[in-house]
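Trainee: Got a minute to go through this one with me? I'd like to pick out a few residues and then look at the sheet.
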Amino acid sequence: MAVNEKQYDLDREITWCPGCGNFAIMDTLKKTLAGMDLSPDQILVVAGIGQAGKMGQHMKANTFHVLHGRLLPVATGAGLINNELKILAIGGDGDGYAEGGNHLIHAARRNVDLTYMVHNNMIYGLTKGQASPTSEEAIKTPTTPRGNPLQGLNPISLLLGLKANFVARSFAGDNEQLKTILEQAIKKPGFAFIDILQQCPSFNKINTFKWFKERVYDINASGHDSSDLQQAFKLAQQWGEKIPTGIFYNNPDPRPTFREAVLGNRDKPLTDSPINPLDIKDIMEAHL
Ligand SMILES: Cc1ncc(C[n+]2csc(CCOP(=O)(O)OP(=O)(O)O)c2C)c(N)n1
């Protein structure tokens, strides 16, 4: 029987503000998973702390709500143990680019088999609007009352610099594009990264839905070949009057996934593997 997106619904109060981009992202994700005939029991959502991370509480699937900034290590471990789950790591720009920045670099380098969705509203939403690593220079927030003195992080350039397996940007206001990108990301073995531009109507009054909508354009529809890393780099530098979205890079010659690299071609979850206990007692005694 085909999977219906309603199977992902939970009868629970949703605590996002009216007009929050998270609604559209969650709706699109549910549609995408159902369209791929993936049922909730096949999915593990590993979510960080933040408004974006609440997605794990608002949809029916296996979910793991972890410490702020630590979703990628947990998702990495889960994927090593159980390769039968499709792993979706979901969090905000604060979670992923500030406290989780170190993990992002290594998850990309390791080519961990998961899809990482960063809901990038360019501020800390849950804690009421402080500057995040992607906040624009000069923006006034509770932590930058005289204007943000720092240059914003460019996550696409960072990931391209790491030659990550799959690097994309989308927008919460373009459900069609987001669905297409999510499908490809979920299908692709290895690390798939999507920075999703998202309005936060309560705390980001600069980078609003309208602001994004007027600027975004689809690089793939404009002829970008996503196997071309150099061209992807060039496009990634663009930000301002025009903001490129789409699949910047889809590695045509992917490296082994982290699981393949460390466990070889073990095709079963570790829990189904025979136990082969090492005699720790002998080792301990030999070194006493
Ligand atoms: C270890 C730790 N550091 C900081 C916090 C406080 N904190 C909670 S959510 C958050 C940032 C939320 O912003 P983001 O990750 O961008 O998600 P959003 O709420 O905007 O979706 C911070 C700093 C925390 N809960 N735990």
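Mentor: Start with H58, which is buried at a relative accessible area of 5%. Keep in mind that the model is predicted.

Trainee: Which helix is H58 found in?

Mentor: Helix α2, which covers residues 55-58.

Trainee: And what does H58 touch, leaving out residues up to four places away in sequence?

Mentor: On that count, H58 touches L10, E13, I14, T15, W16, M26 and K30.

Trainee: How far apart are H58 and I90?

Mentor: Their C-alpha atoms are 12 Å apart in space, with the two positions 32 residues apart in sequence numbering.

Trainee: OK, the sheet. What is the strand order?

Mentor: The order is β2-β1-β3-β4-β8-β7-β10-β9, an open sheet of eight strands with mixed pairing.

Trainee: Which strands stand at the edges?

Mentor: β2 (62-65) and β9 (216-218). Each has a single partner strand, so one side of each is left without a neighbour in the sheet.

Trainee: What does the twist average?

Mentor: It averages 20 degrees from one strand to the next.

Trainee: How do β1 and β3 pair?

Mentor: In the parallel sense, over five bridges. One pairing to look at is L44, whose bridge partner in β3 is I87.

Trainee: And how many bridges join β3 to β4?

Mentor: Five, and those two strands also run parallel. L88 has T115 in β4 as its bridge partner.

Trainee: Is β3 largely enclosed or open?

Mentor: Six of the seven residues of β3 are buried, so the strand is largely enclosed by the rest of the structure.

Trainee: Which helix lies across β3?

Mentor: Helix α3, residues 71-81, lies across β3 (86-92) as well as β1 (43-47), β2, β4 (114-120) and β8. The helix runs at about 175 degrees to β3.

Trainee: What about β7 and β8, how many bridges there?

Mentor: Six, and β7 and β8 run parallel. A168 stands opposite I194 in β8.

Trainee: Moving on to aromatics. How many aromatic pairs are found in the whole structure?

Mentor: The search finds seven. One of them is F171 with F209, a tilted pair at 5.4 Å centre to centre and 40 degrees between the planes.

Trainee: Where in the chain are F171 and F209?

Mentor: F171 is in strand β7 (residues 166-171) and F209 is in helix α8 (residues 209-215). They are 38 residues apart, so the pair links distant parts of the chain.

Trainee: F171, buried or exposed?

Mentor: F171 is buried, at 2% relative accessible area. F209 is partly exposed, at 37%.

Trainee: What kind of pair do W211 and F212 form?

Mentor: Edge-to-face, with 85 degrees between the planes and 5.4 Å centre to centre. W211 has a relative accessible area of 14%, under the 20% cut-off, so it counts as buried. F212 is buried too, at 0%.

Trainee: Which residues do the ring pairs link into a cluster?

Mentor: F171, F209, W211, F212 and W239.

Trainee: What sits over the ring of Y217?

Mentor: The charged end of K242, 4.5 Å from the ring centre.

Trainee: Back to F212 for a second. Which glutamine touches F212?

Mentor: Q198, whose other contacts include C20, G21, I25, H119 and A172, with residues up to four places away in sequence not counted. Q198 lies in the loop between β8 (191-197) and α8.

Trainee: Is Q198 buried or exposed?

Mentor: Buried, with a relative accessible area of 1%. The Q198 side chain makes a polar contact with the side chain of N22, at 3.0 Å.

Trainee: Last topic, backbone. What is phi of D37?

Mentor: Near 60 degrees, a positive value in a residue other than glycine. Most residues other than glycine have a negative phi.

Trainee: Where is D37 found?

Mentor: D37 is in the loop between α1 (21-35) and β1. The residue is partly exposed, with a relative accessible area of 42%.

Trainee: And A138, what is phi there?

Mentor: Near 80 degrees, again positive in a residue other than glycine. A138 lies in the loop between β6 (130-131) and α6 (155-161). With a relative accessible area of 53%, A138 is exposed.

Terms used:
Residues numbered from 1 in each chain as written. Predicted model: local features only at pLDDT ≥ 70, side-chain atom pairs only at ≥ 80, totals over all residues. Heavy atoms only, no water. Phe/Tyr/Trp six-rings, centres within 6.5 Å; stacked < 30°, edge-to-face > 60°. Helix = DSSP H or I, 4+ residues; strand = E, 2+ residues; numbered from the N terminus. Buried < 20%, exposed > 50% of the residue type's maximum accessible area, 1.4 Å probe, protein only. Lys NZ or Arg CZ within 6 Å of the ring centre and 35° of its normal. Polar contact = N/O pair within 3.5 Å; in protein donor to acceptor, adjacent residues only side chain to side chain. Contact = heavy atoms within 4.5 Å. Pairing = 2+ DSSP bridges. Axes fitted to C-alpha atoms, helices over the stretch in contact; angles between N-to-C directions.
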